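Good morning, and thank you for coming. I should like to use the next few minutes to walk through one structure; please keep it in view as I speak.

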Amino acid sequence: MAPKTKEKAKPSSPTDASPPSIEDLFTSLQRHCDPEKPNCDQAVKIADQILAITPGDEDALKCKVVALIKADKIDEALSTIKGLEGFPVDLQIYKAYCLYRQNMVQEALDCLKDLEKNSVVLQLESQIFYRLGKMDACIESCDKLRKFKIDSVDLKSNMIAALISAGRASEVQGLMDALRVKASDSFELAYNIGCSLIEMGKFADAEQQLLSARRIGQEALMEEEFAEDEIESELAPVTVQLAYARQLLGHPEEALEAYSEFINRNVANAPAHAVATNNLIALKGLKYVSDGLRKLERLMEKDGGSQQFQISGELNYRLSSRQKEALYCNRLLLLLHANRMDQARELVSSLQNMFPDSSTPVLLQAAVLVKENKAGKAEEILSHFADQFPDKSKPVLLALAQIAAAAGHFSTAAESLSKVTDIINMPATVATVVSLMEHSGNINGASSVLQSAIQWWKNSMSDEGGYLKMIMHEAASFELKNGREAEAAHLYEELIKGGGSVEALVGIVTTTAISDLEKAEAYEKRLRPLPGLKGINVESLERTAGAKRADGPLHIGKAEASEEAKAKAKSKKKRKRKPRYPKGYDLENPGPPPDPERWLPKRERSTYRPKRKDKRAAQVRGSQGAVARDKHEATSTSNSVQSSKAAATGVPKGGLQGAGGSKSRKKSRS
């Protein structure tokens, strides 16, 4: 008997295998979520398997959302969160972060309102405030973060950047000392400190700091094995900022070359490219208005169906509010200089909605109105804004004063300047306000401005520039010019008591000579006598009719000098030579005088008459040098030449008419 063969075992199907337990899935999920070597795609798949078994598991949901965010799948992460009804509160922070990444910053801020202010929430809140341009709120959130004692160099760098953007660069050094950080700790810190030095006007130090930041960044990126083009892209902000520092140091040609070279390299950093383009346009000025508009339009796109340009999506997401405002404002200024008034009006109306907390849109609106010869409307808008926002009124009041002065509204201009309290007592401002009030006829107001400035400088702790004496001298001259001798004398006396100069003594003597002669004589004695006046009798000098010529060494010297000069002049005179006459010329019987036009060409003489041309010679036709023997021969020659020309050019008779063709036809008809 043949032996029986064993039956082959059937392979088990996947459905027969038992599904992995929930514990195994969580173990695998934890392995794929390892911070050092994360596998985001596998983590999402395993999280979906867990959610299929236990829907609504918070840990699995959180791992899936975090894995999607780390994989840069922000849309899927946000859709996952929104697809859950009544999702856990823990996912609210992830929803806010996804909205922030999609540039929906206001919605992201709303999501954080009801959350507890822990370190994660405060850090995201500070970034949202920074993106919105609310720097004071950003700094406040950063100050709250300091209580958590987070030792993060990136966070500290963000706090310094917020201070700079808020216009508080002078506080950077104090914050660095409090945070115990140095500029060399990271590339971001070195770069931000360089920017703070630019804000404080220390341009040379800023240039050195930015060069150090570039070196630190290159070393760090090379250690992380970045490619050369990636390193250039990461360091693009430093390159542009270095060019800006060179521009501020008074080297515009070098800055222009650096901007142009950076733009031509087409580095993959859109914000740095936009800043370089904006600075290049500002540096070139108004010579290239059309070219500047074309360059800015490349950074913008049209807003839907309207013709209004707005910054493109990527730039709108990555540029700060201050940078976007600068781009829009420069475009508006170029439109004004290009006389594109319709586009300028449309843009200026939208700027007020884009930047409601800034004074720049209202200044540009006033510029548009002035361009349209509506100075009164511009003054009204600026005055209303200054009253509504007094903390932002300084540039607005200065612009209002300039517009009003140019329009001849001197009272409005003087009033506007008087409201700028931090410069009202400076000599230049005082002089401007006094001049404006003089033009408007307000002499008492001008005198009050001078007195107020004098009192302010008297109470001032320091007067290194000597402004008090300068203003008092001008005030005394002003009072004297307007017939107020008593006020002028009082000012001169104060100057003399404070160690006044000779000008003050002369001023008080001149002022009191009419009203108080004794006082004038008393102060006159303090003046130093002029040399050479001791032997002069003033009374006899007053009785003389006029000044006599003084006889003395000075006069004799002048006379001798004049005689020497005359002698030299005589010696320099040329001796007259006897005229030479032609041979045989008789002086006693010279005859008629010679023709005065004898040296002129004949055609320029008054007696010249040109010869008339022989009209018969013009009828002769033929080649050059030909001579007609008789009328018949000339006629036959002319006809033969015309026929040969027509044959050579291929034109039949009666076709094209050349020069002198009409005469030929008349002859042929005769």
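I shall take the helices, the cores, the cavity and a few single residues in turn. Please bear in mind throughout that this is a predicted model.

Let me begin with helix α15, which runs over residues 252-265. This helix has 14 residues and reaches 20 Å from its first C-alpha to its last, close to the 20 Å expected at 1.5 Å a residue. Which residues of α15 are buried? They are Ala255, Tyr259, Phe262 and Ile263. These residues lie on the same side of α15, because they cover an arc of only 95° around the axis. On the face turned away from that buried side we find the exposed residues Glu253, Glu257 and Asn264. The cover over the buried residues includes α14, residues 236-248, and α16, residues 270-284. Following α15 comes Asn266, with a positive phi near 55°.

From α15 I move to its neighbour in the cover, α14, and to one residue there. Leu242 is found in helix α14. With a relative accessible area of 9%, Leu242 is buried, since the cut-off for buried is under 20%. Setting aside neighbours within four places in sequence, Leu242 is in contact with Glu207, Leu210, Leu211 and Arg214. The C-alpha atom of Leu242 is also separated by 9.4 Å from that of Gly194, although the two residues are 48 residues apart along the chain.

I turn next to the nonpolar cores. The largest of them holds 70 residues. Which of its members touch the most others? Those are Leu112, Leu124, Ile128, Ile160, Phe187 and Tyr191. Helix α11, residues 187-199, gives the most to this core, with eight residues. As for Phe187, its contacts are Ala213, Ile216, Gly217, Glu234, Leu235 and Val238, not counting residues up to four places away in sequence. There is also a second, separate core of 33 residues, which includes Trp457, Leu495, Ala504 and Val509.

Now to the empty space. How many cavities of 30 Å³ or more are there? The count comes to one. About 40 Å³ of space lies in the largest cavity. Its lining consists of Leu280, Ile281, Lys284, Gly285, Tyr288, Asp291, Gly292 and Lys295. Helices α16 and α17, the latter at residues 289-297, each supply at least two residues of that lining.

A further residue to consider is Arg331, in helix α19, residues 321-337. Is Arg331 buried or exposed? At 2% relative accessibility, Arg331 counts as buried. Leaving aside neighbours within four places in sequence, Arg331 is in contact with Leu293, Leu296, Glu297, Met300, Phe309, Gln343 and Leu347.

I close with the backbone. Most residues other than glycine have a negative phi. Asp72, however, has a positive phi, near 65°. Asp72 is found in the loop between α3, residues 58-70, and α4, residues 74-82. Arg180 also has a positive phi, in its case near 60°. The place of Arg180 is the loop between α10, residues 172-179, and α11. At 76% relative accessibility, Arg180 counts as exposed, whereas Arg331 is buried at 2%.

Thank you for your attention.

Methods. Residues are numbered from 1 along each chain as its sequence is written. This is a predicted model: local features need pLDDT of at least 70, side-chain atom pairs count only at pLDDT 80 or more; totals for chains, interfaces and linings use all residues. Side-chain values use heavy atoms; hydrogens and water are left out. Helices (H or I, at least four residues) and strands (E, at least two) are DSSP runs, numbered from the N terminus. The expected span of a helix is 1.5 Å times one less than its number of residues. Buried means under 20% relative accessible area, exposed over 50%, partly exposed in between (1.4 Å probe, protein chains only). The arc is that of the directions from the helix axis to the C-beta atoms. Contact means heavy atoms within 4.5 Å. A nonpolar core is a set of buried Ala, Val, Leu, Ile, Met, Phe, Trp, Tyr and Cys residues joined through side-chain atoms within 4.5 Å. On a 1 Å grid over the protein atoms alone, a cavity is a set of points where a 1.4 Å probe fits but cannot get out, and a pocket is an open set with protein on both sides within 12 Å along at least five of seven lines; lining residues have an atom within 4 Å of a point. Grid points are joined across faces, edges and corners, and a volume is the space filled by probe spheres set on the points.
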